[in-house]
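Hi,

Here's the structure I said I'd pass on. Have a look at it first, then read my notes underneath.

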Amino acid sequence: MNADERQQLHNRIASRLAELSQILDQTEPTTAALAASHDDESARLETLSHAPVDEALLRNGRDERQRLEANLEWLHGDDAGLCTACDRTIPLARLLAVPTTRLCIHCASTQA
């Protein structure tokens with residue numbers, strides 16, 4: 001992976017991290033506060049009925065953020081852009097489309 005490709009991927013990851021952080025920062029306190037603040041039982045139950053979905057979305061967002069941060073570190077290593085399963089070069093288009101990946105399309109399809 002050349003320097004220009006690393007920069008493109010770095011920019012893509014940084015952009016997605018910023019989006020994700022903003023969403024998570026706005027959602028995490030709201031979900032907990034809503035569940036705790038409703039005095040009206042029906043409103044509280046309505047809020048709590050969405051809590052498992054909200055929590056799953058938050059967990060997925062946190063997991064994605066962690067993978068993105070790890071891939072930022074990966075960009076600084078000698079193996080940046082190489083599939084962790086087969087050591088082939090992952091095309092830049094795939095890395096930009098799926099910035100959390102470390103697998104080429106072939107290895108990703110066989111592991112799915």
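Below is what I found around three residues.

Before you dig in, keep in mind that this is a predicted model.

Let's start with Leu-20. You'll find it in helix α1, which covers residues 3-37. Leu-20 has a relative accessibility of 5%, so it counts as buried, the cut-off for that being under 20%. What does Leu-20 touch once residues up to four places away in sequence are set aside? The list is Gly-61, Glu-64, Arg-65 and Leu-68. Gly-61 is 41 residues away from Leu-20 along the chain, yet their C-alpha atoms are separated by just 6.8 Å.

One of those partners, Glu-64, deserves its own look. Glu-64 sits in helix α2 (residues 41-74), so the contact with Leu-20 links that helix to helix α1. With 18% relative accessible area, Glu-64 is buried too. Beyond its neighbours within four places in sequence, Glu-64 is in contact with Arg-16 and Thr-100 as well as Leu-20.

Then there's Arg-94, in helix α3 (residues 92-97). Arg-94 is buried but has no salt bridge. Where is the nearest side chain of opposite charge? That's Glu-64 again, 13 Å away, whereas a salt bridge needs the charged atoms within 4 Å, so this pair doesn't qualify. What the Arg-94 side chain does reach is the backbone oxygen of Leu-103, at 2.8 Å. Leu-103 is also among the contacts of Arg-94 outside its neighbours within four places in sequence, together with Thr-101, Cys-104, Ile-105 and Ala-108.

Cheers

Notes. Residues are numbered from 1 along each chain as its sequence is written. This is a predicted model: local features need pLDDT of at least 70, side-chain atom pairs count only at pLDDT 80 or more; totals for chains, interfaces and linings use all residues. Side-chain values use heavy atoms; hydrogens and water are left out. Helices (H or I, at least four residues) and strands (E, at least two) are DSSP runs, numbered from the N terminus. Buried means under 20% relative accessible area, exposed over 50%, partly exposed in between (1.4 Å probe, protein chains only). Contact means heavy atoms within 4.5 Å. Lys and Arg count as positive and Asp and Glu as negative; His and the chain ends are not counted. A polar contact is a pair of N or O atoms within 3.5 Å; within protein, one must be able to donate a hydrogen and the other to accept it, and residues adjacent in sequence count only if both atoms are side-chain atoms.
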